[in-house]
Amino acid sequence: MKLPDLLSTGWAEIWAHKMRSFLSFFAIAIGIATFFYTLSVLSQAYRHLQKTSSVAGAGRVETTTRHPLTLPQYKDLLARLPENSSLSFRTDDHFVQEGTWNSLYHRGTQLVGARIYGVLPTWQDVDFVYELEGRFINWKDVENKHQVIVLTVFPREVKERKTRFWWDQDNKNTPVKDYTTHHHLLNQQVTLNDQTFTVVGLLHLPPERQDARLPQNREFVPTMYIPYTTWHHVYPSFSEENNTPTDIRVVTGKESTARLAGKALTGYLRSQFGPDEKPELNFFREKVEEKLKDARKSLNNMLFMGLIAMIAGGIGIMNVTMAVIFSRTKEIGIRRALGASRQDILFQFLVEAMLLGLCGACAGMVLGYMAVLHLAEDTSQMTFSWWVIALSVLIAIVTSFLFALYPAWQAAKLKPVDALKYE
Amino acid sequence: MVIAECKNLIKIYSGAQDFRALDEVSLSINQGEFVSIMGPSGCGKSTLLNILGLLDEPTGGEYLLNGTPTAKLSDAKRTRLRRDSIGFIFQSFNLMPKLSVQENIALPMRYTQRPRAEILERARQLAARVGLEDKLLNTPLQLSGGQCQRVACARALANEPSLILADEPTGNLDSKASTDILALLKELNDGGMTIIMVTHDPKIAAGTHRTIHMKDGKIV
């Protein structure tokens, strides 16, 4: 019998016994939904972390010191790091309480949520996922403590999850976010906490571009960058307190030299601030690997559940196939009498079971897709790879095939004369 | 020319007590013959028909179909020989209830390599031959017993067999339908088809060329 005939016969049988078919592929659908969800989230996590690594820079190590650092200290530390390393500092964030936007925005308005950082130009060497309009902070700005500022601009259309949960509240729009999104502020003056800056650059993150940074490195509130030295100059009261930490970031370019850089960093900070200085080193590669490990661990449990559902589905299909063969023994006899070979009978029941598996896969993928939309943490960048779909279909079909093999073989083994006698 | 030849066929059903259903049966059927087999229940008529139709294997003896010894054939070869050489007509029609008349007639051809269009066209022609051209899309449940048996006759002819085996083809039919089916079988036989028919009815057997009487697994 040719494949189209096998398919049409199989489909006719499935359609003729809709309820039975539905019950038998339901467990398969649950299993496939679990697989689909798990594989989609896992592949998304892998893809994202791959991108994260690519924008993060190789051999990246970060630490924080409680002390502000000077430009001579920058040069001194850089000289101790492995060759071709990039070193950059960032001050702690400073919250903007009020501001004036070139007289367009009223003085005294609360600008809750906007943050100002002081950075060195090298801060843009890594994690720079933006399209830069204008320019970034340069060394001249740093050396001369220029009152310049670079703003992040949120895209106008941010795809947000329809269902809002209570933990999403910190993601809400702030006045600054609204304002910078809807007004072009390049080359304009802004006054923030009584300090006036010229906007020299805007950092855009187009909605269609995936943010490859780790979630904790992303901005959910408007972020502004001013020169590192300017920050210490204009907010002295803030920096004089002994709790104004400086983030130090080193990128060596090679994973093999990250440890060496970490050692140099610790040594230098101790030499500068005494043996009590105990900087905690964060090796980015380790952080990424840890994230992956966490993702894998939590998803392993899901995969196990999916496997159990698939086995239950397979047993369901086996049970149904056996019942079908029992009720269609006479039909098998007639078909054998009319010229069907054992192989024809075997294929007929296998194709029918695999069609059931395919139905289960389709239903399961719809369920899995819904699960991804409603349960996955980060769906804005979720894409459904063809291989996840193909693998889900393959798993369902192979499961159905394996579990239907025994009953189908039993059917094929029936002697035509015995099958014909069956009533 | 001999179509089917049996030499000392033995069929023993094993069980708590072995039962000898066929006891050294020898017979030969010539091309174009219309042979009826008669005998009381349990005499071995159906067993003989099943062996002649390659649905069952004898315990001993030899059966040649179109000159081919069948004893040592593999299941695949037996299936192919059965598909290409034998057409079956059953007492209870044995049609597929969910398939249309056309699909039922086409069923034996589905197991060949013929193209689908050719299969459907031949099924239509065969339906016309048995007078059911206007019922092509009906299912067996929408037909009378006589019409169902006509469909079964058309199906038996699908792969142009050299031998038709009919197991009490009129057993489930009223007298009018029985007469029609018998007339159809005679018409087929007149066209050169070899037919072996099991029947209980001496009147029907009288209409065939030769009647084989069986008793206790033997031809008498």
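Select strands β6 (86-89) and β7 (163-167) of chain B, which run parallel and are joined by four bridges; strands here, like helices, are DSSP runs numbered from the N terminus, of at least two residues in state E for a strand and at least four in H or I for a helix. Within this pair, Phe88(B) stands opposite Leu165(B) of β7(B). What is on display is a predicted model, in which local features need pLDDT of at least 70 and side-chain atom pairs count only at pLDDT 80 or more, while totals for chains, interfaces and linings use all residues. Residues are numbered from 1 along each chain as its sequence is written, and chains are lettered from A and ligands numbered from 1 in the order in which they are written.

Next, extend the selection to the whole sheet of chain B, an open one of six strands in the order β6-β7-β8-β3-β9-β10 with mixed pairing, where two strands pair if DSSP finds at least two bridges between them. Because β6 and β10 (218-219) of chain B have a single partner strand each, they stand at the edges, and one side of each is left without a neighbour in the sheet.

Now add helix α1 (residues 45-52) of chain B, which lies across β3 (34-38), β7, β8 (194-198) and β9 (210-215) of the same chain and runs at about 150° to β8(B). That angle is taken between N-to-C directions on a scale from 0 to 180 degrees, with axes as lines fitted to C-alpha atoms, for helices over the stretch in contact.

From β7, move to the loop that leads to α6 (175-190) of chain B, and pick Leu173(B) there. Leu173(B) counts as buried because it has 21 C-beta neighbours inside 10 Å; the cut-off for buried is 20 or more other C-beta atoms within 10 Å, for exposed 12 or fewer, with partly exposed in between, and C-beta atoms are placed from the backbone. Beyond neighbours within four places in sequence, Leu173(B) is in contact with Gly145(B), Gly146(B), Gln149(B), Ser178(B) and Ile181(B), contact being C-beta atoms, placed from the backbone, within 7 Å. Gly146(B) is 27 residues from Leu173(B) in sequence, yet their C-alpha atoms are 6.4 Å apart.

Finally, show chain A as well: the contact takes 17 residues from chain B and 16 residues from chain A. On the chain B side, α2 (75-85) and α3 (101-110) each supply at least two residues, and α2(B) gives the most, with five.

Notes
Two residues are in contact if their C-beta atoms, placed from the backbone, lie within 7 Å.
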